[in-house]
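Biologist: I am new to this protein and would love a guided look at one part of it. Could you put the model up and stay with that part for a while?

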Amino acid sequence: MTMSLKRILTSALASAVLVTSALTFSGCADTSVAGTIEGVTIPAGIYILNEYDALSQAISDFKDKNPDVDTNAEGFDFFAQTIDGKSFSDYVKELTAQNCKNYIAIEKMFDSMGLAIDEAEKSEILADVNATWSNENTYAQDFYGVDTYGEYYEKNGVGKNSYKEFMLNGKKSELIFNSIYGEGGSKEVAQAEIEKWFTENYTVMRYISVSKKDKDGKLIEDEAKLSELKDLAEGYAEKINGGTKFSEVYNEYLKHIEEDEVEIKEENELDILLSVESTSPSEEFVKHVYGMEFEKAEVYDADTYYYVVVRYDILKGDYLDEYKQVALSELKGDEMTATVEAETANYSVSFNQATVDQFSPESIG
């Protein structure tokens, strides 16, 4: 799992109704400081990093609320839009303010709960921070004209220490969450509830796609040739159902189409985690797979392929352990949001107007 719990929780927190009372602005010209929350200084770098998350969340919220708008159209400008009656820029600013309050709430909750980041985890985070600042990155070079992401962050007002503290805060939010809802937590989520969520939202499949196209990429119209391809697919399904390993049949098909691919040896190399909300290759395909018996190969006739598909029980593999954090976040993310927002509801907040203006959503977007 590449997405940290910090980002998952930030997304959930940002989409909630924002509490902006007790929010004041001062006119200080020093833009190295974004302001104070509950007497705690917020460096500009921390503000900007929370603003990046807010901008990402605002884009996601706009798309969710306006599914028919083509945001990829030439000339489309998010900052010309409104969300919930607010300008896109103001919406981002409000999300940023709430994110900063959440940041402080996490720090305070972490300390009050007596939690600690172990040395191994801390060392891993610091190594990642150092790599961000030191390792050359082709994406940063191609898109931002800098050698490293650290250089990109610094050009945009984020220092290495702010980035480090932001990453540590993300780990703290994860540890708080797990201390409440994880194994042995004060509100531990039952294993049966986690398993239920998994089986309702994900399944595992393997498939072989027998193409209905010729070598020129054109759909085959000859019925005899299509029948031959269907027979080929059904023959593969019969072999699998007869006890032949899926990987052996898969490799057999690669040889049949003369593909120069690495031979598959491990069965789970071919596993695909399929979401119930997926629409690829089609909604009908996904619905069909979810209705299949476990470990019984079937041929699914699609527009451009005959798919030889086998569905497997997700609870029999390692996926439950690997993606347990995702399940917990989905099950208890809203409750965690309410907990954090309850902490921030009466926070005293004062932002530095000069910093807010200098690092406006338009400037970082």
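Leaving aside its neighbours within four places in sequence, which residues is I208 in contact with?

Modeller: Happy to help! A word on the model before we look: this is a predicted model, in which local features need pLDDT of at least 70, side-chain atom pairs count only at pLDDT 80 or more, and totals for chains, interfaces and linings use all residues. Residues are numbered from 1 along each chain as its sequence is written, and side-chain values use heavy atoms, with hydrogens and water left out.

Now to your residue. Once neighbours within four places in sequence are set aside, I208 touches F246, V249, Y250, Y253, Y306, Y307 and V308; contact here means heavy atoms within 4.5 Å. One of these, V308, is also the bridge partner of I208 in β9. Strands β6 (residues 202–211) and β9 (residues 305–312) run antiparallel and are joined by eight bridges. Helices (H or I, at least four residues) and strands (E, at least two) are DSSP runs, numbered from the N terminus, and two strands pair if DSSP finds at least two bridges between them. In general, strands of a sheet pair through backbone hydrogen bonds, either parallel or antiparallel.

Let us step back to the sheet. It is an open one of four strands in the order β7-β6-β9-β8, with antiparallel pairing. At its edges are β7 (272–275) and β8 (298–301), each of which pairs on one side only. On average, neighbouring strands of this sheet are turned by 45 degrees against each other, direction ignored. Helix α9 (residues 223–241) lies across β6, β8 and β9, and runs at about 15 degrees to β9. For such angles, axes are lines fitted to C-alpha atoms, for helices over the stretch in contact, and angles run from 0 to 180 degrees between N-to-C directions.

I208 also has a place in the nonpolar interior. The largest nonpolar core has 84 residues, and I208 is among those with the most contacts inside it, together with I42, Y153, F246 and M336. Helix α3 (residues 88–112) gives the largest share of this core, twelve residues. A second, separate core has eleven residues, including M205, L274, Y300 and A302. A nonpolar core is a set of buried Ala, Val, Leu, Ile, Met, Phe, Trp, Tyr and Cys residues joined through side-chain atoms within 4.5 Å. Buried means under 20% relative accessible area, exposed over 50%, and partly exposed in between (1.4 Å probe, protein chains only). In soluble globular proteins, nonpolar side chains tend to be buried together.

Two of the other well-connected core residues lead us further along the chain. M336 is one of the buried residues of α13. This helix (residues 324–344) has 21 residues and reaches 28 Å from its first C-alpha to its last, close to the 30 Å expected at 1.5 Å a residue; that expected span is 1.5 Å times one less than the number of residues. As for I42, strand β3 (residues 40–43) runs antiparallel to β2 (residues 33–37), and four bridges join them. The two strands form a hairpin with two residues between them, and E38 in the turn has a positive phi of about 55 degrees.

Finally, the wider setting: the protein chain comes to 15 helices and ten strands. Buried residues make up 41% of its 365 residues. Along its principal axes, the C-alpha trace spans about 80 × 50 × 40 Å.
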